[in-house]
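Biologist: Could you take a close look at one part of this chain for me, the second largest pocket and the helices around there? I'd like a connected walk-through rather than a list.

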Amino acid sequence: MMQAPDSDVLDALIDAFQKNMKRPLKGVLGPDAQASKLIHTLGITQPDFGMNECEGLYALVLDDLLIPECEGSAELATLEKIDSTLILNWMKAYNIEALGAEDNSTFEARIKEEAFSDWALQNRCVLLVEGAPVSLAGCNAKVEDMCQIGPVWTPPEFRGRGYARLVTALLLAQEKLSGKSRAILFTKNPAAEKAYQAIGFKQIGDFRLALLK
């Protein structure tokens with residue numbers, strides 16, 4: 001995870017990393033210029049990656065959160081109240097589409113463990129519209145007064161109806177009640193960018209997410 005204050009520090013950190021690296025590298029995350037330099041220095045090529053993309057970093061002060069309207073009744077439900085097969089299928093599809101995961105022999109077991117972990121059960125929710133599950137959102141990190149949104153997933157058959165922005169906004173409203181005052185997220189998807197901007201997020205940087213196969 002790259003976050004060096006200047007190029008001299010970055011060079012020194014990369015040098016120290018190369019000399020002391022003892023475990024396999026799984027991926028690189030950080031400001032685009034810094035992460036790209038590390039990838040180039042280590043000689044990692046594109047075929048080695050399952051995913052290697054630059055994403056926008058977005059931030060929101062929760063006092064500026066906008067809650068969209070919805071046609072029909074809408075509410076959040078915890079994962080325990082949703083059919084587990086549906087959640088598993090959604091998270092498998094999310095990992096393949098959004099994170100470049102490969103559906104191999106260990107894929108389903110890994111996704112099942114992650115999808116129903118204690119963290120996921122406590123920090124993810126599903127949007128119900130007229131009682132039907134249509135979208136999922138969660139927090140993948142929390143620290144002090146800030147939370148990071150992710151994953152957000154709407155099945156293709158429900159897209160284009162504003163469900164992603166609504167489930168994210170309702171989740172953030174809950175986080176605000178629990179004491180959080182700021183939120184961040186990453187996205188490169190133009191439709192997602194519009195959705196997040198519609199509830200108040202603004203882009204504050206460019207980050208690279210590079211995950212090795």
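Modeller: Here's the pocket, then the helix packing, then a couple of backbone oddities. Keep in mind that this is a predicted model, so everything below is computed from predicted coordinates.

Let's start with the space itself: the second largest pocket holds about 160 Å³. Its lining is made up of M1, M2, Q3, A4, L13, I14, F17, L25, G27, V28 and L38. Sort those by class and you get nine nonpolar residues, two polar ones and no charged ones. As for who supplies them, α1 (7-20) and β1 (27-31) each put in at least two residues. The largest share, three residues, comes from α1.

That makes α1 the natural thing to follow next. It packs on helix α2 (residues 32-42) at an angle of about 40 degrees, and the two axes are 11 Å apart. An angle of 35 degrees or more but under 65 isn't parallel or perpendicular in this scheme, so α1 and α2 count as oblique to each other. The crossing of α1 past α2 is right-handed. On the α1 side the contact uses L10, D11, I14, F17 and Q18, while α2 brings Q34, K37, L38, T41 and L42. By class, that's five nonpolar, three polar and two charged residues. Notice the overlap with the pocket: I14, F17 and L38 sit in this helix contact and also turn up in the pocket lining.

For contrast, have a look at another helix pair. Helix α3 (residues 84-99) and helix α4 (residues 107-115) have axes that come within 10 Å and cross at roughly 110 degrees. That angle is why α3 counts as roughly perpendicular to α4. Here too the crossing is right-handed, with α3 passing α4. From α3, the residues involved are L88, M91, K92, N95 and I96, and they meet F107, E108, R110, I111, K112, E114 and A115 of α4. This contact has six nonpolar, one polar and five charged residues.

Last, the backbone. Most residues other than glycine have a negative phi, and most peptide bonds are trans. Two spots are worth checking with that in mind. E130 isn't a glycine, yet it has a positive phi of about 55 degrees. You'll find E130 in the loop between β4 (124-129) and β5 (132-143). The other spot is the peptide bond joining G150 and P151, which is cis, with omega at about -5 degrees. P151 belongs to strand β6 (residues 146-153).

Methods:
Residues numbered from 1 in each chain as written. Predicted model: local features only at pLDDT ≥ 70, side-chain atom pairs only at ≥ 80, totals over all residues. Heavy atoms only, no water. 1 Å grid on protein atoms, 1.4 Å probe; cavity = no way out; pocket = protein on both sides within 12 Å on 5 of 7 lines; lining within 4 Å. Points joined across faces, edges and corners; volume = space filled by probe spheres on them. Helix = DSSP H or I, 4+ residues; strand = E, 2+ residues; numbered from the N terminus. Nonpolar A, V, L, I, M, F, W, Y, C, P; charged D, E, K, R; others polar. Axes fitted to C-alpha atoms, helices over the stretch in contact; angles between N-to-C directions. Parallel < 35°, antiparallel > 145°, perpendicular 65-115°, else oblique. Left-handed = near helix turned anticlockwise from the far one by under 90°. Contact = heavy atoms within 4.5 Å.
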